[in-house]
Amino acid sequence: MMHQYDEEAYTQQLRELMPQGKAWDFSHNGVLMRLLRGLAGAVHRFGVQVSYVYAREVFSHSTDDLLDEWETELGLPDECRSAVETREQRRFEVVAKYNQVGGQSIPYFIELGRSLGLELEIDRCQPFRVGRNGCGDPVQDAEWNFFWRVKWIPTQETPFRVGQDTMGTPLRSWTRNTTLECLFQKLGPAPGNVIFAYRDISEGA
């Protein structure tokens, strides 16, 4: 938003608000007009600053001074997004939730994953059908029509370590993305169920 008025315009506005009469000297170089020009300069600088702040704070991706208000308006932190420490992290969460417009389609949830920095692959599960499926395909009944399988490459993978891990330790474990899982459970397809399938990190190489 551009500021519309210069110092001369503010000076004229202040001049028009002054009382009228012979007691008031409005000569260009008089004391009163110099005072009005000084006041007009302060008002002009304030207006420019307000315009700059408005242009920055009105958008979620650039807000800083109004970050607390953005979080309050969006209900952050919420049951899926825990409190974060840095202002950059907080702004990232604000942008992600602000862009969360809602939807029930696979493309919407792929974009939701991208807003969290994740590239998702989503499959709609289907029951086994003779003539379409072949040997080796999972045998699934009609209930699987209501399941999605969400796959992505986790950021951290921990393999079983011989000599260090003990019986009962998984051969491989992944760091779960609890934020993504919570959002799918909260916003996911209805009626439906979501299966989270963590892929091998080597698949992303």
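This short talk covers a helix pair and a group of aromatic rings in one structure. The model is predicted, so local features need pLDDT of at least 70 and side-chain atom pairs count only at pLDDT 80 or more, while totals for chains, interfaces and linings use all residues. Residues are numbered from 1 along each chain as its sequence is written, and side-chain values use heavy atoms, with hydrogens and water left out.

I start with the rings. The structure holds seven aromatic pairs; rings of Phe, Tyr and Trp (its six-membered ring) pair if their centres lie within 6.5 Å, and planes under 30 degrees apart count as stacked, over 60 as edge-to-face and the rest as tilted. Phe 109 and Phe 184 make a tilted pair, 4.9 Å centre to centre with 35° between the planes. Phe 109 sits in helix H5 (residues 106-115) and Phe 184 in helix H6 (residues 178-187), 75 residues apart. Helices here are DSSP runs of H or I, at least four residues, and strands are runs of E, at least two, numbered from the N terminus.

Are these two rings buried or exposed? Phe 109 is buried, at a relative accessible area of 0%, and Phe 184 is buried at 1%. Buried means under 20% relative accessible area, exposed over 50%, and partly exposed in between, with a 1.4 Å probe and protein chains only.

Phe 184 also pairs with Phe 196, edge-to-face, at 6.0 Å centre to centre and 90° between the planes. Phe 196 belongs to strand S5 (residues 193-198), so this pair ties together parts 12 residues apart in sequence. Ring pairs link Tyr 108, Phe 109, Trp 148, Trp 152, Phe 184 and Phe 196 into a cluster.

Now the helix pair. H1 passes H2 in a right-handed crossing, meaning that the near helix is turned clockwise from the far one by less than a right angle; anticlockwise would be left-handed.
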